[in-house]
Amino acid sequence: RKIGTMFVVGASSSVLELSRPLVLDPLAGHSREVKRLAHPDMRETVKELAQLDGGFVVSEEGVVLSACRYFEAPSRGVRVPLGLGTRHMAAAAVSRATRAVAIVVSTSAMVRVFDDGRIVGEILPELWLISRQSLYIDPPHIQERPQENVTVVTNERDLDGAETGT
């Protein structure tokens, strides 16, 4: 079953102010230690909770503070490419309104990273690389990472932080 979700990382107090729970938060009351992304049980928990509406708020330290959040950041003036939906609009808006970075996992398995209201990175499943027409970054800089079995597309810097010249 294909499932999409959204993670908003950093600036957690500002992000929490610009969002609200859609249901009773299933992570409420659990210790920060078990809510760390590095905790062995958290990966499966995130997979299960991603099936519910809303997104995740993740602290700067990698602790999932809240799940099933509806993001209400102002979207006036935010532009996302045609064909991307409300999850992408919410990610662009919250990343523009705060210092957070938003990561959207589409039901198509595409992963897009938003910072300051714009797409700054895309991670593509290998199937999508056959036709690069679905890229939204302009100009794209494609990095093949065969040892990690992933391809990352950015528009400014490579993964090590060096200028790409684009």
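Which residues have the most contacts inside the largest nonpolar core? In this predicted model, they are M6, V8, V15, F71, V94 and F114.

**View 1. The largest nonpolar core holds 20 residues.** Strand β1 (5-9), helix α3 (86-97) and strand β5 (101-105) each supply at least two of its residues. Helix α3 gives the largest share, 5 residues.

**View 2. V15 and its contacts beyond four places in sequence.** V15 touches V8, F71 and V94, which are also among the residues with the most contacts inside the largest core. Its other partners are G10, V57, T98 and A100.

**View 3. A second core is separate from the one around V15.** This core has 11 residues. Among them are F7, A50, F56 and A67.

**View 4. F7 and F56 form the 1 aromatic pair of the structure.** The ring centres lie 5.0 Å apart. The ring planes meet at 15°, so the pair is stacked; the cut-off for stacking is under 30 degrees. F7 sits in strand β1 and F56 in strand β3 (residues 55-58). The two are 49 residues apart, so the pair links distant parts of the chain. Both F7 and F56 are buried.

**View 5. Helix α3 and its cover.** The 12 residues of α3 should span 16 Å at 1.5 Å a residue. The end C-alpha atoms are 16 Å apart, which agrees. Buried residues in α3 are H88, A90, A91, A92, A93, V94 and S95. Their cover includes helix α1 (12-17) and strands β1, β4 (64-71), β5, β6 (111-115) and β7 (118-124).

Note on methods:
Residues numbered from 1 in each chain as written. Predicted model: local features only at pLDDT ≥ 70, side-chain atom pairs only at ≥ 80, totals over all residues. Heavy atoms only, no water. Core = buried A, V, L, I, M, F, W, Y, C linked by side-chain atoms within 4.5 Å. Buried < 20%, exposed > 50% of the residue type's maximum accessible area, 1.4 Å probe, protein only. Helix = DSSP H or I, 4+ residues; strand = E, 2+ residues; numbered from the N terminus. Contact = heavy atoms within 4.5 Å. Phe/Tyr/Trp six-rings, centres within 6.5 Å; stacked < 30°, edge-to-face > 60°. Expected span 1.5 Å × (residues − 1).
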